[in-house]
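User: I should like to go through some of the labels assigned to this model and the grounds for each. Please begin once the structure is shown.

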Amino acid sequence: MKELRGKIADITKRRGIYWGAYEIYGGVSGFYDYGPVGALLKKNLLDIWLEEFVYSDGLLFIDAPAIGPDSVYRASGHVDKFTDYMVRCTSCGHAFRVDELIKDFVDNPDLLTPREIEKIIEENDIRCPDCNGKFGKVEEFHLMFSTTIGLDKRGFLRPETAQGIFINFPTLYRINREKLPMGVAQIGKAYRNEISPRQGVLRQREFNMAEIELFVDPEEKFNEELIEDIELPLLTKDGVELKINAKEAYKSGLANGYIIYYMQKILSFLKNIGINVSKIRFRQHHREELAHYSKDTWDCEILISNGWTEVIGIAYRGDYDLKRHMESSGADMRAFRKFEKERKIRINKIVPRMEILGPRYKAAAMKIARAMEDMEFEENTVHGTLKIEVDGHVYDVPEEAYEVINVEKKVSGERFLPHVIEPSFGIDRLIYSIIEHTYYERQDTGYKVLRFPPRLAPIKVGILPLMAKDSLDSIAREIMKEMRAAGINGYYDESGSIGRRYARADEIGVPFCITVDYQTKEDNTVTIRERDSTKQKRINKDELKDTLKKLVAEEISFEEL
RNA sequence: GCAGGCGUAGUGUAGUCUGGCAGCACAAGGGCCUUCCAAGCCCUUAGCCCGGGUUCAAAUCCCGGCGCCUGCACCA
């Protein structure tokens with residue numbers, strides 16, 4: 001399997017799919033450049049993602065900033081939970097993770113403050129394991145990249161794109177005309193300062209994500225019609241591997257209905273982009289490995305040469321994020337749920353008469369009025385002069401300064417925090433998986449091919465003259481111009497033998513090649529060669545543009561020609 | 001971060017032990033040839049990870065750094 005990784009590393013670099021970034025300066029691990037082929041591959045992949053997850057379900061698509069203020073990531077829990085503490089030896093300078101050093105002295109290192117940690121180190125005289133030197137002050141090691149906003153405001157590069165959606169929930173909810181379920185999608189880069197990222201593009205410090213936050217009313221009954229009659233490959237938290245029908249999985253309560261819904265969509269999506277369906281499974285997280293925000297998570301794992309690899313996560317985040325942002329920002333992050341039937345409630349309320357309170361209490365009037373409004377009492381128990389305490393003063397409010405109302409009020413609904421189901425796609429891992437799963441070598445020759453589906457293929461067509469002479473070349477160039485004018489990404493190649501040129505195209509997954517040969521000059525036909533079958537069909541040059549468009553959009557298949 | 005291994009044209013490698021002209025294959029570019037799947041021939045481009053030291057002389061020996069790989073740790 002290691003051999004496969006080597007071959008893929010070769011092809012990705014040589015043919016311009018991706019490579020390690022900042023190469024001329026020695027490289028920085030965890031950063032990659034997508035080259036001309038890879039950048040288009042990613043773009044096409046995201047287009048398909050938009051079609052299959054966003055347009056098809058009418059989701060809202062947004063684009064929020066990558067840098068956020070301290071307050072946002074404090075509220076989200078990342079500042080606390082995405083941090084490790086470390087100490088540096090004052091004599092040799094080596095750094096150590098605190099929890100490793102003190103784990104023999106305390107039960108739960110994660111709960112301590114930096115001060116407490118310093119105290120424990122001093123009391124137990126913990127020394128540097130390397131040189132026995134003394135330790136300095138406790139420092140934070142953030143998995144988040146921190147930066148400065150303006151002169152001195154602390155900011156972070158987002159470790160996930162999700163917060164940009166949660167923060168905007170009230171606005172988006174209004175734009176969606178206050179309807180749930182509401183799905184919001186975002187594509188963008190996220191940043192994590194991994195200590196030692198390896199495994200190539202599978203673990204990067206700057207990576208591409210496509211995320212959906214589906215906001216639902218936890219009390220609303222799930223629409224069972226969303227569940228299809230298909231088989232899901234699951235691995236539950238108890239280690240049970242099973243293939244189970246989606247309907248059955250839903251009925252048995254194995255996972256939230258929307259999680260199952262997304263499992264179905266993900267299966268079909270992965271199939272469409274060239275992933276081998278027999279190498280997909282959904283693995284449920286154990287309690288201990290759940291992220292700080294999640295109640296239940298299912299990873300979509302794909303089997304590649306590294307083993308089963310998490311590529312997509314479907315997390316049930318509950319109301320964690322909205323709640324935290326509501327508490328810390330004070331904004332109302334709730335949605336409104338209409339009761340089936342209007343409810344009637346009795347209201348016993350004091351209505352202050354401001355025209356009397358105002359002149360009488362001046363500046364304190366508003367506060368007194370609020371306090372009166374907030375009073376709770378039984379019907380017919382309030383009359384006469386009221387003693388109202390505000391800021392330590394007790395005011396006597398006479399009867400004529402208020403009115404008591406006892407009314408029956410209609411209540412049509414209530415406010416609540418929606419729950420969130422979050423499918424989160426690791427785009428770079430997906431791209432790597434696609435490359436591994438679409439890679440094959442021809443049986444007879446061993447030549448390398450990437451079997452990209454036409455819709456995904458970065459380059460759709462190669463246009464080749466059989467010979468670069470006898471005006472075959474000029475006809476081919478003419479065709480290339482036509483293709484480009486029609487918005488089909490193609491290239492012209494006359495170098496080397498025809499077989500060599502086909503092989504070149506195969507390596508970057510070009511699905512179709514047009515060859516201009518001598519017969520073209522006689523009857524105005526060219527051949528279309530399909531990558532995987534290497535079969536050719538003759539087609540009139542004038543139909544080329546329309547035919548190719550359909551082939552590339554996968555509206556027709558090559559066999560149907 | 002720790003331990004071990006490694007770092008030579010775009011890619012894969014030889015040369016390193018034992019210091020003395022940096023070589024091969026593939027790829028790429030140009031040309032000849034060629035009537036459908038990497039044919040052949042000629043030419044060309046292109047490299048010792050970075051810095052310091054030892055030496056008449058360093059890809060080779062020493063030191064430091066950076067990067068990569070494997071394992072541990074970390075990470076979803």
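User: Why is Glu178 called partly exposed?

Analyst: Glu178 has a relative accessible area of 42%. Buried means under 20% relative accessible area, exposed over 50%, and partly exposed in between, with a 1.4 Å probe and protein chains only. Glu178, at 42%, is therefore partly exposed. This is a predicted model in which local features need pLDDT of at least 70, side-chain atom pairs count only at pLDDT 80 or more, and totals for chains, interfaces and linings use all residues. Side-chain values use heavy atoms, without hydrogens and water, residues are numbered from 1 along each chain as its sequence is written, and chains are lettered from A and ligands numbered from 1 in the order in which they are written.

User: What makes the phi of Glu178 noteworthy?

Analyst: Phi of Glu178 is near 55°, a positive value in a residue other than glycine. Most residues other than glycine have a negative phi. Glu178 lies in the loop between H8 and E10; helices (H or I, at least four residues) and strands (E, at least two) are DSSP runs, numbered from the N terminus. Pro181 is placed in that loop, between helix H8 (169–175) and strand E10 (182–191), and the peptide bond from Leu180 to Pro181 is cis, with omega near -5°.

User: Why is His437 called buried?

Analyst: The relative accessible area of His437 is 12%, so His437 falls under 20% and is buried. His437 belongs to helix H14 (residues 427–438). Leaving aside neighbours within four places in sequence, His437 is in contact (heavy atoms within 4.5 Å) with residues including Asn276, Ile304 and Arg451.
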